[in-house]
Amino acid sequence: MDYKKQYHNYINKIMIGIGSIIIMAMLALAIFVQRAQADKQNIQSGICTDTTERCVAITFDDGPNPKSTQRLLDGLKERNVKATFFLVGKNIEGNEDVIKRMYEEGHLIGNHTYTHVQLDTLNVNMARSEIIQTNEKITEVIGQCPKYIRPPFGAYSDKLLSEINMMPILWSVDPEDWATKDIRAIVNKVTKNIKCGDIILLHDIYDTSVEAALEIIDILQSQGYIFVTADQILLD
Ligand code: NI
């Protein structure tokens, strides 16, 4: 009788033990599968698991333009996105209101030379004056001198820029939006290849580029990307 009782107790304990192990193993497996799926989704959508690296910058060259830049600013405001604008000095006069709005709404304003010139084709004095003149125009409008320059065609001299205390900001994603009116193609070129820390190059002087930019923002925001000004990418 006692032996039977002990035997039953013994079997019960073993069954409870086995049962617990099975339940724990199943739980562990479920957690593992869930994590693996989440990682796979993150990798597919390009989202970095580290939140400090989930940033991208969207930048606009060659403006401002009284019509398309305003439309862009409306769209950026609706989406709570801060962008970066590299202005051409000769486009500033007559567009002061647009530039003031950019500044007041938290966008970063940089220099894109006075006449959109390739700096390394000029002598040093002329190159310097292309940059300084643009800085002066921008300072007149927003009361602050730009620190950053996007040299047209990516051509510049380190020596000259350091002499006048300007930092170059180039780009890592270029959909060549100026060469096409196909909004879909521009959007796809950017969103298919985007990764954390990228700097996207677009031009706010074309209506098609503005439309594409807003679509790009909607897609990337839905994937968890955060838009920062281009100086934030450099500092990371
Ligand atoms: Ni340009």
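Here is a short tour of this structure, from its metal site to its core and a few side chains worth a look. Please keep in mind that the model is predicted. A nickel ion is held by Asp62, His112 and His116, and the largest nonpolar core has 35 residues. The structure also holds one aromatic pair, and the peptide bond from glycine 63 to proline 64 is cis.

**The nickel site**

- The nickel ion has three protein donor atoms to look for: OD of Asp62, NE2 of His112 and NE2 of His116, at 2.0 to 2.2 Å from the ion.
- Along the sequence, these donor residues follow the spacing D-x49-H-x3-H.
- Aspartate 62 comes from the loop between β1 and α2, and histidine 116 from the loop between β3 (108-111) and α4 (124-142), so this pair ties together parts that are 54 residues apart in sequence.
- Aspartate 62 is buried, with a relative accessible area of 15%, whereas histidine 116 is partly exposed at 27%.

**Strands β1 and β6**

- Strand β1 (residues 55-61) runs parallel to β6, and five bridges pair the two.
- One of the bridge partners is easy to find: aspartate 61 is matched with histidine 203 in β6.
- Strand β6 spans residues 199-203, and five of its five residues are buried.
- That cover applies to both faces of β6, with Ile199, Leu201 and His203 on one side and Ile200 and Leu202 on the other.

**Nonpolar cores**

- Within the 35-residue core, the residues that touch the most other members are Ile58, Phe85 and Ile200.
- Eight names to highlight in your viewer are β1, α2, β2, α3 (96-104), α4, α6 (183-193), β6 and α7 (207-222), the elements that each give two or more residues to this core.
- Helix α7 provides the largest share, with seven residues.
- Isoleucine 58 touches residues well beyond its sequence neighbours up to four places away: Val81, Ala83, Thr84, Ile200, Leu202, Ala213, Ile217, Phe227 and Val228.
- Another core, of 10 residues, lies apart from this one and includes Tyr148, Ile169, Ile199 and Ala230.

**The aromatic pair**

- Phenylalanine 60 and phenylalanine 85 form a stacked pair, with 5.4 Å from centre to centre and 25 degrees between the planes.
- Phenylalanine 60 belongs to strand β1 and phenylalanine 85 to strand β2, so the pair ties together parts that are 25 residues apart in sequence.
- Both phenylalanine 60 and phenylalanine 85 are buried.

**Two buried polar side chains**

- Asparagine 135 sits in helix α4 and is buried, with a relative accessible area of 6%.
- The side chain of asparagine 135 makes a polar contact of 2.9 Å with the side chain of asparagine 111.
- Setting aside neighbours within four places in sequence, asparagine 135 is in contact with Asn111, Cys145, Pro146 and Met166.
- Serine 68 is in helix α2, where its relative accessible area of 1% makes it buried.
- From serine 68, the side chain reaches the backbone oxygen of aspartate 204 at 2.6 Å.
- With neighbours within four places in sequence again left out, serine 68 is in contact with Asp204, Ile205, Tyr206, Asp207 and Val210.

**Backbone features to check**

- Most residues other than glycine have a negative phi, and most peptide bonds are trans.
- The peptide bond from glycine 63 to proline 64 is cis, with omega near 0 degrees.
- Proline 64 lies in the loop between β1 and α2 (68-78).
- Asparagine 80 is not a glycine, yet its phi is positive, near 55 degrees.
- You will find asparagine 80 in the loop between α2 and β2 (84-87), and it is exposed, with a relative accessible area of 61%.
- Asparagine 165 likewise has a positive phi, of about 65 degrees.
- Asparagine 165 lies in the loop between α5 (158-163) and β5 (167-168), and it is exposed, at 65% relative accessibility.

Conventions
Residues numbered from 1 in each chain as written. Predicted model: local features only at pLDDT ≥ 70, side-chain atom pairs only at ≥ 80, totals over all residues. Heavy atoms only, no water. Buried < 20%, exposed > 50% of the residue type's maximum accessible area, 1.4 Å probe, protein only. Helix = DSSP H or I, 4+ residues; strand = E, 2+ residues; numbered from the N terminus. Pairing = 2+ DSSP bridges. Donors = N, O, S within 2.8 Å, 3.2 Å for Na, K, Ca; no water. Core = buried A, V, L, I, M, F, W, Y, C linked by side-chain atoms within 4.5 Å. Contact = heavy atoms within 4.5 Å. Polar contact = N/O pair within 3.5 Å; in protein donor to acceptor, adjacent residues only side chain to side chain. Phe/Tyr/Trp six-rings, centres within 6.5 Å; stacked < 30°, edge-to-face > 60°.
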